Amino acid sequence: MTTSHLPAIGRRGLLLGLAAVATLANARLALGQAPGDPRLVVILLRGALDGLDAVVPYGDPAMAALRGDFPPPEPGREGGLLDLGGFYGLHPAMAGLHALYAANEAAIVHAVAGPYRTRSHFEAQDLMEAGAEQRLASGWLNRALGALPPRRNGTPRSGLAVGLDVPLLLRGPTPVGAYAQAPETDAPGELVERIRALYQGDALLSRPFEEGVRGRLFAAGQIGRDAARQGGFAALAGIAGRLLAAADGPRVAALELGGWDTHNNQKARLPPVLRQLDAGFVALKEGLGPAWSRTAVLAITEFGRTARVNGTAGTDHGTAGVAFLAGGAIRGGRVIADWPGVGEAQLHQNRDLAATRDLRAIAKALLRDHLRLPNNAVAAAFPGSDTVRPEGGLLRG
Amino acid sequence: MSAAHLALIRFGFGPKPGKPLPADPARWLAAQLQEDPRPPPGGAPLAALSDAFRMVEARRTMPGAETQRAVANLTNSEAEAWASGCLATRTPLIERLVAFWSNHLAVSRRAGAVAAVAAGHYVREAIRPHVLGRFEDMLLAAVRHPAMLHFLTNAESIGPNSPAGRRRNRGLNENLAREILELHTVTPAAGYSQSDVTEFAKVLTGWSIAGGWAGFEFRAAAHEPGDKTVMGQRVPEGLEGGAAFLAWLARHPATHRNLAAKLVAHFYADRPDPAMVRQVEAALRDTGGSLGAAARVLVSLPQALSAPPAKMRPPHDLALAALRAVGAPPERAGLAIQAMNRLAQPLWSPPSPKGWPDTAADWTGPEALLARVDWTYALAGRFSRTDAQAAAEAVLGRLGRDALRREIGRAGSTRDALTILLASPEFQRR
């Protein structure tokens, strides 16, 4: 564990040439004069976030019939949604993002999905990261990095994977740096719950496992262990921000946050994860400092969830959902959507929120208009997407 | 039950996805017992014992950061060489036997810096060459090794009537003699007395460590003069007498019973079936203590490829099995060493001369089980490109329940799916 305010660079980081970043981070305050290269952060929300609960179209008259009192109350009521302009409301667990939205530094993309229609997490995540309709061995962000101007010898790689492993999104021909966070966090509570179910009936192991879970719950109540865990993602995001802020640091980073697969008890399970993501946006802005003004953050999930609530107060695998955009480079303060509606006839297969936007249009716009990649590089990042035009006007200036 | 899975899980570190299962599991097991257990040449160069000792001594006299680091590098490289050997091995049964016998004749790294650097050498030179040989050879090699003489403090035991004893007014240390009788060979079931322990301790006086840890040295000047009587046996004065008595102990029927019961308990069940124990015991008796013969019977018992896995994997085995399951290459062996530390079974560091405990109750504490989940989650984060469903089929086959397969299929990410597989009750057993 590091006691310094500087990021701890894991052994792999050193091997990959990130050592320079740690020392350069010392000079963070001097970065005001640094040249204005754009920064791009992609956050992968693994497990399928329910877009209809994170950003509620409370102005849609069909919502009441669809979800009743499942979503948070309307804006202005106690524990109510944070208003996004009279039709959509942001989940109250995302006050940090709402403040960015109010400062025109965050935007929401709604009713958005990738080009695939699988409802398998693994397949959809691979396709989301590959940026294609078929599985590929490399990720779209890695292929995009190949088009960035070459770096001087001895300076860190342009790309940075933040976490324990390099996601497919950043795998491929262009070498990237990796940062391994220490200390590692405990397994999340909802995952432990799933495993706990598998121990039930085990003559030898079920009792000690139950006791272990009870002991943890007690400790969480006493010392806020879960609160400490929630600090995990935000801490990582803060470190990513500082690394990206460095004058010679990486320019592109990928982070991951899981825990979105809310098949049951969603009202209790979703807010803690939303809070982690929310804290991550805030920590990125803090870590980036002045470089935030040249930053775009994109948070995406593999698919949305069913429009209707299932029999266990949760939602199942669906189609379209939301993506979040943040950063000083984003023309924020708006919800980008062609709202399809959630009436019975409007749902995709009478089941899911329909997709009226392609995620690739958003990502392509960031590559073209933010990283200023040439058209052929954007095309290489998203093969077979000629008909998907980059979303116009996503960025300031 | 899948015989091939059982063979790999009960007698190895579990299957590795992408590596075909043995077509004839019984033959695969038997063939391993025809191999030379010594490690193939060409592995990482490991230090000679005396080099290690010099480093530790250097650290003592000049406690500089450099010597500190040299010692740490040495202990780490020994541990990683061991773990990468286990990950890469074609003969996991031999590795399991090496681990078993290293724990039966345990030394512990907790005994200090010299012990920490000597443990790897001890396992390589005193235990490994004999795991398919005769128990009396292994016992003699273990007792003569500086690591054991240091751990059980025999190097400082001096015959009271020896020249050194009369000069320095120092005396016997019974530690090694007692543990050989109680743990390594006949056990209290043989009915020895305190005076047998004392007399045996006299037999072992002078068994010591050569200067600079160059190896074994018999110090005649510290050896208690005269013949001794231990457990009714007359033991002549001198080194040869002691060696002959160790061989007698190794061939004792009570020793065979002890070894057989421990072997069957280790590979099959916390409370082993007496009939199974009797078969292994008979093999030891009939061959004059051939550990290869015992192992051949052990793996060809009718239950070998049919009884469901009933033993809890200790952290050692869990770490190696999990790394194999995620396809970790041998270069990532350091992860196994870290896991053993985190899950409270650091390599070659048992808490007592008795070695690590070997029953489920010792490894199933509430926090210990959750620590397994947490470690697994961290590991899964490093190998999140693994195909969890394929891994589940490969490592458990039909030993995995449908409920497990379902949960893996429903997980929200590959990382979660892998965690569920590796933290499942099925995966905790062997």
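In these notes, helices and strands are DSSP runs, with at least four residues for a helix and at least two for a strand, numbered from the N terminus.

**Entry 1: chain A at a glance**

I should jot down early that this is a predicted model. With that in mind, I looked up the secondary structure of chain A and found 13 helices and twelve strands. Chain A has 397 residues, and 55% of them count as buried. I then turned to the contacts in chain A with a separation of 6 or more: 74% of these come from residues 24 or more positions apart.

**Entry 2: strand β9 of chain A**

Next I went to β9(A), residues 295-301, and asked how many of its residues are buried. Seven of the seven are, so this strand is largely enclosed by the rest of the structure. I also wanted to know which way each residue points. A:T295, A:V297, A:A299 and A:T301 point one way, while A:A296, A:L298 and A:I300 point the other way. That fits the textbook picture, since side chains in a regular strand alternate between the two faces of the sheet. Here the residues on both sides are buried.

Then I checked the partners of this strand. Strand β1 (residues 39-45) of chain A runs parallel to β9(A), and seven bridges join them. Strand β10 (residues 321-326) of chain A runs antiparallel to β9(A), with three bridges between them. A:L298 appears in both pairings: A:V42 has A:L298 as its bridge partner in β9(A), and A:L298 in turn has A:L325 as its bridge partner in β10(A).

**Entry 3: A:I362, a contact of A:L298**

Following A:L298 further led me to A:I362, which sits in helix α12 (residues 359-370) of chain A. Is A:I362 buried or exposed? The cut-off for buried is 20 or more other C-beta atoms within 10 Å, and A:I362 counts as buried because it has 21 C-beta neighbours inside 10 Å. Leaving out residues up to four places away in sequence, I listed what A:I362 touches: A:V109, A:L298, A:A323, A:E391 and A:L394. I looked up one of these separately: A:A323 is 39 residues from A:I362 in sequence, and their C-alpha atoms are 9.2 Å apart in space.

**Entry 4: a three-stranded sheet in chain A**

I also found an open sheet of three strands in chain A, in the order β2-β4-β3 and with antiparallel pairing. Its edges are β2 (55-56) and β3 (82-83), each with a single partner strand, so one side of each is left without a neighbour in the sheet. Two bridges pair β2(A) with strand β4 (residues 89-90) of chain A in the antiparallel sense. In that pairing, A:V55 stands opposite A:L90.

**Entry 5: two helices of chain B**

Over in chain B, I looked at helix α3 (residues 49-61) against helix α6 (residues 113-127). Their axes are 9 Å apart and the packing angle is about 165°. The angle makes α3(B) roughly antiparallel to α6(B), and their crossing is right-handed. On the α3(B) side I noted B:L49, B:A52, B:F53, B:V56 and B:R59, which meet B:A113, B:V114, B:V117, B:A118 and B:H121 of α6(B). By class, this contact has eight nonpolar residues, one polar and one charged.

**Entry 6: helix α21 of chain B**

I then asked how many residues of α21(B) are buried. Ten of the ten are, so this helix is largely enclosed by the rest of the structure. What covers the buried residues of α21(B)? The cover comes from both chains, and includes α6 (121-130) and α8 (189-199) of chain A as well as α16 (315-325), α18, α19 (388-396) and α20 of chain B.

I took a closer look at α19(B). Its axis comes within 9 Å of that of α21(B), and the two cross at roughly 15°. That angle makes α19(B) roughly parallel to α21(B). The crossing is right-handed. B:A388, B:A391 and B:A392 of α19(B) make this contact with B:T414, B:A417, B:L418 and B:L421 of α21(B). Six of the contact residues are nonpolar, one is polar and none is charged.

**Entry 7: where the chains meet**

Last, I turned to the contact between the chains, which takes 30 residues from chain B and 31 from chain A. On the side of chain B, the elements giving two or more residues are α18 (366-382), α20 (402-410) and α21 (414-423). The largest share there, ten residues, comes from α18(B). By class, the chain B side has 13 nonpolar, ten polar and seven charged residues.

Terms used. Residues numbered from 1 in each chain as written. Chains lettered and ligands numbered in written order. Predicted model: local features only at pLDDT ≥ 70, side-chain atom pairs only at ≥ 80, totals over all residues. Buried ≥ 20, exposed ≤ 12 C-beta atoms within 10 Å, placed from the backbone. Pairing = 2+ DSSP bridges. Axes fitted to C-alpha atoms, helices over the stretch in contact; angles between N-to-C directions. Parallel < 35°, antiparallel > 145°, perpendicular 65-115°, else oblique. Left-handed = near helix turned anticlockwise from the far one by under 90°. Contact = placed C-beta atoms within 7 Å. Nonpolar A, V, L, I, M, F, W, Y, C, P; charged D, E, K, R; others polar.
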